Amino acid sequence: MAVIDYDRAPEFATAGYDSPAASRLHALWETKPGLIGWLSTVDHKELGVRYLVTAFAFLLLGGLEALIMRLQLAQPNEHLLSPEQYNQIFSMHGITMIFLYAQPILSGFSIYLFPLILGTRDMAFPRLNAFSYWAYLAAGLFMYASFLIGAAPNDGWFNYAPYALKQFNPNPNMDFYALGMILLGVSTTAGAVNFLVTFLRLRAPGMSINRVPILAWGTTTTSVGILLSVPAVSLAFFLLWLDRQFGTHFYNPDGQGQPLLWQHLFWMFAHPWVYIIVLPAMGIVSDALPIFCRRPLVGYTVVVLATITTMVLGFGVWLHHMFATGLPFLALSFFSGASFIITVPSAVAVFAWIATIWAGRPVFTTAFLYFAGFVSMFVIGGVSGVMTAAVPADRQLTDTYFVVAHIHYVLIGINLFPVLGGLHVWFPKMTGRMLSERLGRWSFWTVFIGFNMAFLPMHWTGLAGMPRRIYTYPEGMGWDTVNLITTIGAFVLAAGILIFLANIALSRRNGRVAGPNPWDGPTLEWSTPSPPPPYNFPVIPAVASRHPLWEDRLDEGLGRSSIRRGVVLDHGKEALATSTLDGEPDAILKMPEDSLSPLVATIVMTAAFAGLLLHWWMFAGVCAALLLAATIIWLWPERELGQRAEASHG
Amino acid sequence: MTRPHPVSNPRRRRSRWPAAWTAAVTADALCSVAASAETPLGYLEGFGVKTREIAHLTWALLILSIVVVVITSALVVVGALLRRSRAPVGNIEQEPVSRSGRGVAWITIGVSVSTVALIGSMAWTAYTMAAIRAPSQNPAVTIEVTGRQWWWQVRYQSDDPSRVFDTANEIHVPVGKPVRVRVKTADVIHSFWIPAVSDKIDLIPNQTNETWFQADKAGIYRGQCSEYCGKQHAHMGLVLVAEDEASFKAWWDGQLTPAAEPEKSELVRAEGVFLQRCGACHGVRGTSAGGRFGPDLSHLMSRRTIAAATLPNDTGHLSGWVADPQHVKPGNLMPNLGISGPELASVQTYLATLN
Amino acid sequence: MADATDLERLPIGSIGHRASGWWGMLAVIMTEGALFSYLLFSYYYFAVQYGRAFLPPDLPKLHLSVPNTALLLLSSVAVWWAEQGAKLGDRRRLALGLAAALIMGVGFVAVQALEWSEQSFTIASSSYGSLFFTITGFHMAHVIAGDIVLAVLLLWTLLGYFDARRNAAVSIGAIYWHFVDAVWLTLFFTFYVTPRLS
Ligand code: HEA
Ligand code: HEA
Ligand code: CUA
Ligand SMILES: [Cu+2]
């Protein structure tokens with residue numbers, strides 16, 4: 001077996017995608033064909049696309065649930081659903097959208113794009129990356145399995161105790177949710193570790209911290225947010241599960257339990273979470289809107305600072321979900337003030353985008369339409385948030401459809417719009433073919449009109465006092481017409497999504513061939529072929545500015561980025577580690593081969609959770625032991641990864 | 001928006017009700033118990049000192065919001081149209097890339113203006129919080145409200161224990177006087193909300209929350225549980241009657257009277273059926289019916305609605321409810337009792353005496 | 001094809017703090033630290049709600065927990081000593097240090113189990129009991145995980161996987177162990193010291 005050197009000076013070379021070095025790299029990085037290859041791949045591009053497809057499927061499921069709800073609510077006193085069915089459906093709608101769609105879809109973008117925009121060959125932990133994906137899929141299936149026995153979660157996405165406790169909810173509905181969320185938390189955490197380390201360590205040489213695309217900033221910031229907030233929700237659900245199964249007294253009011261502890265733990269997580277599911281999407285806009293405005297983003301530095309500030313402040317506003325719980329006014333006013341202040345960084349971003357439009361020359365592509373639409377939708381969702389930030393006003397607005405309108409404007413406006421726009425931008429990169437602009441415009445206008453038709457009147461529904469989470473409502477409350485309009489709008493929106501899907505289906509085969517850089521974009525991913533080869537870059541590019549592909553025209557910085565000439569790194573699967581702030585070369589990393597360990601670990605882990613759900617304690621214990629074994633095998637030092645002492649160096 | 005108008009003569013309503021109850025709640029039923037004819041649960045107009053202050057703040061923020069949205073949307077649309085490039089979407093590289101314009105001024109100006117607006121909003125919020133924090137005079141009445149899946153148990157407090165009484169789903173208050181409300185729950189979290197006069201306060205286990213409100217205009221207002229509490233969260237309504245001091249006193253005195261001793265033999269039998277079938281869950285003052293699981297029925301006939309403001313309280317709906325409560329509120333905690341026709345008639349006769 | 005280079009020699013693979021795993025472990029510690037903060041938040045939330053009434057009549061005693069704390073701290077020293085040995089390429093010292101730490105770590109778990117069996121309350125008897133056993137249980141699970149890490153590192157040492165430059169796994173395991181110890185100090189302070197202060 002070849003000895004792995006402890007150090008070497010990396011070779012410099014000029015190499016394109018048809019050079020001999022490239023074909024060597026191709027052989028090294030390629031995933032094997034066939035089922036085993038598919039199950040064991042660690043290629044971030046493959047995994048990113050899988051994330052996108054899976055998350056989009058969950059969007060359709062959640063959307064389907066929403067449409068059923070809208071049918072039930074179209075008129076007063078409908079009998080389409082029983083109260084319990086409605087409760088399960090609205091709960092799963094929220095859970096699906098917030099946890100299984102909104103965050104994973106952004107992970108999908110970032111997993112696909114991180115190595116490409118940062119100029120490296122894969123994520124820092126490729127196998128962990130595969131593990132995040134499998135665990136996410138498993139968690140989604142786990143939670144959806146509850147429908148099979150008619151016991152889906154039925155206490156809304158924020159799942160307040162004591163309704164979630166055994167005495168009010170004896171069936172396993174909540175156990176599915178609790179255990180599923182812990183499982184999902186594992187996946188999310190693994191993903192966050194990966195993003196953070198990739199960002200800190202794997203950027204191309206020369207890509208100092210002030211040259212990183214905003215999407216990477218957004219995702220990294222939210223990864224830190226995830227690491228600090230997800231434990232709160234995993235813990236909250238774990239304690240809930242203990243209360244339900246082992247008679248502990250965390251939330252259980254029989255005894256000294258504190259139902260409000262649930263609310264604190266949940267919202268300490270969930271408020272940061274709502275920024276976690278939008279900051280990367282804002283990053284998509286900050287990076288992609290400028291492409292279509294034909295100029296760099298106005299105010300890069302302040303936008304990055306705004307992103308970070310939003311995340312930090314996001315940890316200090318959770319009480320604004322609890323304004324009516326009877327807490328002292330002093331505490332409320334503090335959190336109310338913080339909620340007003342968190343608007344400032346959002347304002348920075350909004351005006352940066354507007355300035356970019358005004359200072360640029362926008363080309364009206366479909367993606368541009370989505371991004372421009374996003375700016376207005378964000379402001380509508382934002383200002384309704386500001387209204388609820390005012391304690392007295394919120395004590396009227398809370399738990400009415402006004403809040404439902406707020407969350408859909410922020411979630412659809414700041415998440416779905418950038419996602420759809422982003423898919424138009426990067427679909428060519430992923431598949432090599434352009435989406436049809438004609439169908440794209442149709443889908444945009446249908447989505448835009450349907451969305452506003454559904455949710456703009458919903459503010460009025462809320463101001464007219466319609467409470468959330470009611471399975472039906474009487475006539476004569478002034479809610480009938482608006483609800484009907486909302487339902488129609490929801491179906492128009494769904495039609496827009498269908499047009500989008502049709503566009504994907506048609507263009508995948510017949511779309512115009514894209515070429516490496518169809519939008520004339522500035523960042524490194526556009527220097528690769530579409531779709532990019534498994535190794536991404538034949539040589540590791542060296543970066544000299546924020547816009548490597550535009551720098552000739554913008555004339556920024558002193559030097560020029562070097563994309564076809566750089567270090568080769570072809571002694572096996574290798575990547576370059578660079579220093580955190582300046583992006584100076586620091587080490588040559590050995591990257592792992594494809595592996596089945598992530599899948600195996602996911603399967604035994606999920607089986608262990610299923611055991612806990614079914615109270616098969618022994619079975620769960622055995623699976624946990626297997627998981628431990630799988631982990632040790634996974635981490636076993638490998639000579640090819642440069643993890644073992646070489647006798648020859650001893 | 002049309003002006004809501006309080007309805008002050010609830011009694012008129014009775015005769016308008018058809019006997020068939022299967023239509024569930026219909027428009028007039030709820031309008032008749034609401035402050036505002038168009039939107040009984042609306043809160044953009046306050047009918048009490050507290051909600052009036054809040055309505056002002058809400059309007060101010062709403063107008064600010066609309067202004068912000070209009071301005072920013074206009075900036076996006078106008079900017080895009082004015083600056084639109086002529087390059088075809090298929091060949092966007094025809095529009096040269098350049099670092100044209102400056103742009104940073106946008107951020108400075110935009111953020112500065114926003115900050116001023118935000119500080120204004122915060123000040124107004126703080127002012128409103130101070131204004132609604134406590135009533136200007138000591139509350140005249142203290143009501144203890146306990147939420148239950150899915151109805152409201154109400155107890156009127158008094159220093160004189162003989163003046164304390166229990167009722168359910170309908171509260172009366174004197175007009176123009178602050179009222180103190182202590183809220184608790186017997187099971188899960190609920191939220192007490194009468195939009196026209198009282199903002200929300202949650203009912204939380206192991207905790208007693210306190211709030212206050214004042215109705216400044218006589219009328220009948222609708223309240224609603226506004227924290228999700230399970231299957232019948234949708235049908236957990238509440239009726240508030242704000243009336244002049246004298247009527248309020250009379251009502252209170254009336255609530256204190258025990259049920260009349262049945263005289264006619266038919267009534268004695270009817271009471272027997274009631275005590276046997278219903279007494280375990282329902283209480284009636286002055287009888288052996290002492291159940292606490294369901295609403296107190298001592299003065300059921302004085303209430304305008306049944307089943308937590310879900311149905312109007314008339315003969316038809318009442319017997320429909322007793323015969324098949326699960327049809328009206330599927331999943332509610334009063335089971336179908338499989339009551340026979342004659343039994344139902346007896347119960348009905350008895351209930352009619354509870355006024 | 002490859003031409004002259006002006007790059008310095010770079011280390012290859014997992015080397016010390018340049019290993020991705022090291023950075024990954026720092027991220028894990030960050031999230032685990034958050035987890036324990038939320039656990040302690042829950043405890044103090046109850047403590048603030050109920051004051052003294054919340055504490056059990058007989059508090060968890062010091063006679064086992066104090067020596068146990070000392071034991072855990074000592075194990076950290078052993079791990080540190082072992083890690084320094086690894087950096088010097090001294091495999092014997094590495095193995096010895098890890099073995100000593102492992103024994104102390106297992107000892108901690110055993111004493112802790114004894115300590116648990118002494119309590120007058122159970123996990124289901126009161127909120128305090130639920131918190132006590134859950135929080136110390138979380139910590140115990142981390143110590144057990146740490147023991148497994150130490151055992152595996154010891155095995156790898158004995159298999160000759162480490163030398164003076166290739167020992168990133170040791171540093172990664174060591175930092176985790178120090179973290180688990182530091183967490184214990186906060187728990188010790190919370191359950192054994194603060195109730196005696198008031
Ligand atoms: C997608 C994520 C997302 C985002 C980004 C936000 C953004 C904000 N949210 Fe929202 N929020 C949710 C998701 C989100 N929210 C969800 C899911 C819930 C409900 C959970 C549930 O109950 O189910 C919720 C609920 C919620 C509540 C609780 C309501 C209640 O239940 O009673 C509050 C209260 O303060 C609030 C406030 C805010 C504020 C102040 C912002 C701010 O960050 C907004 C800032 C942005 C702007 C204001 C626009 C841009 C600024 C300008 C153009 C400057 C000029 C503006 C002014 C001068 C006003 N949100
Ligand atoms: C990202 C988040 C997200 C998104 C995108 C949506 C999308 C939609 N939501 Fe959702 N919603 C939430 C997050 C989201 N929602 C949350 C968090 C809650 C709170 C839950 C709670 O209270 O606990 C909520 C609650 C909520 C309610 C309130 C329920 C209640 O309180 O009783 C309503 C009611 O109208 C609603 C409606 C809709 C509609 C009509 C859409 C539309 O946009 C959907 C449009 C449709 C599609 C996008 C899919 C198109 C599908 C097809 C064309 C069918 C094809 C299907 C297959 C092939 C399988 N939502
Ligand atoms: Cu009670 Cu909702
Ligand atoms: Cu929030």
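## Exercises on a predicted two-chain model

A polar side-chain atom of Arg70(A) sits 2.6 Å from an oxygen atom of ligand 2. Keep in mind throughout that the model is predicted.

**Exercise 1. Describe the shell around ligand 2: which residues are closest, which elements supply it, and how does it divide by class?**

Step 1: stay with the polar side chains. Besides Arg70(A), Tyr86(A) puts a polar side-chain atom 2.5 Å from a ligand 2 oxygen. Arg468(A) joins in too, with a side-chain N or O atom 3.0 Å from an oxygen atom of ligand 2.

Step 2: bring in the elements. Helix 3 (44–73), helix 4 (83–118), helix 15 (401–431), helix 16 (437–463) and helix 17 (480–510) of chain A each give two or more residues to this shell. Helix 4 of chain A has the largest share, with seven residues.

Step 3: widen to the whole shell. Ligand 2 has 30 residues around it, and the closest are Arg70(A), Tyr86(A), His93(A), His408(A) and Arg469(A).

Step 4: sort by class. You get 22 nonpolar, five polar and three charged residues around ligand 2.

**Exercise 2. Work out how domain 1 and domain 2 of chain A meet: what area do they bury, and which helix of domain 1 gives the most residues?**

Step 1: set the bounds. The assignment puts domain 1 of chain A at 37–510 and domain 2 at 599–649. Their contact draws 17 residues from domain 1 and 14 residues from domain 2. Between their C-alpha centres there are 31 Å.

Step 2: look at the area. The two domains of chain A bury about 1,500 Å² between them, with 81% of it on carbon and sulfur atoms.

Step 3: hunt for charge pairs. There is one salt bridge across this domain interface. Arg127(A) and Glu638(A) form a salt bridge, and their closest N and O atoms are 3.5 Å apart. With a cut-off of 4 Å for a salt bridge, that pair makes it, at 3.5 Å. Polar contact across the domain interface comes to two residue pairs.

Step 4: find the helices. On the side of domain 1 that touches domain 2, two or more residues each come from helix 5 (126–148), helix 6 (173–201) and helix 7 (214–246) of chain A. Helix 5 of chain A gives the most, seven residues. By class, that side of domain 1 holds 14 nonpolar, one polar and two charged residues.

**Exercise 3. Take apart the interface of chain B and chain A: how many residues touch, and which element of chain B has the largest share?**

Step 1: count residues. Chain B brings 96 residues into contact with 104 residues of chain A.

Step 2: turn to area. About 8,200 Å² is buried between the chains, and carbon and sulfur atoms give 68% of it. Over on chain B, Arg83(B), Val97(B) and Tyr228(B) lose the most area to chain A, together 10% of what that side buries.

Step 3: tally the polar side. The count of salt bridges between the chains is one. Asp199(B) and Arg395(A) meet in a salt bridge, 3.7 Å from N to O. Add to that 26 residue pairs in polar contact across the chain interface.

Step 4: assign elements. Among those in chain B that give two or more residues to this side are helix 2 (49–83), helix 3 (104–132) and strand 7 (198–203). Helix 2 of chain B takes the largest share, 19 residues.

Step 5: finish with class. The side of chain B that touches chain A splits into 49 nonpolar, 32 polar and 15 charged residues.

Note on methods: Residues are numbered from 1 along each chain as its sequence is written. Chains are lettered from A and ligands numbered from 1 in the order in which they are written. This is a predicted model: local features need pLDDT of at least 70, side-chain atom pairs count only at pLDDT 80 or more; totals for chains, interfaces and linings use all residues. Side-chain values use heavy atoms; hydrogens and water are left out. Domain bounds come from an automatic or database domain assignment. Contact means heavy atoms within 4.5 Å. Buried area is the accessible area (1.4 Å probe) that two parts lose on being put together, summed over both. A salt bridge is a side-chain nitrogen of Lys or Arg within 4 Å of a carboxyl oxygen of Asp or Glu. A polar contact is a pair of N or O atoms within 3.5 Å; within protein, one must be able to donate a hydrogen and the other to accept it, and residues adjacent in sequence count only if both atoms are side-chain atoms. Helices (H or I, at least four residues) and strands (E, at least two) are DSSP runs, numbered from the N terminus. Ala, Val, Leu, Ile, Met, Phe, Trp, Tyr, Cys and Pro count as nonpolar, Asp, Glu, Lys and Arg as charged, and the others, Gly among them, as polar. A residue is near a molecule or strand if one of its heavy atoms lies within 4 Å of it.
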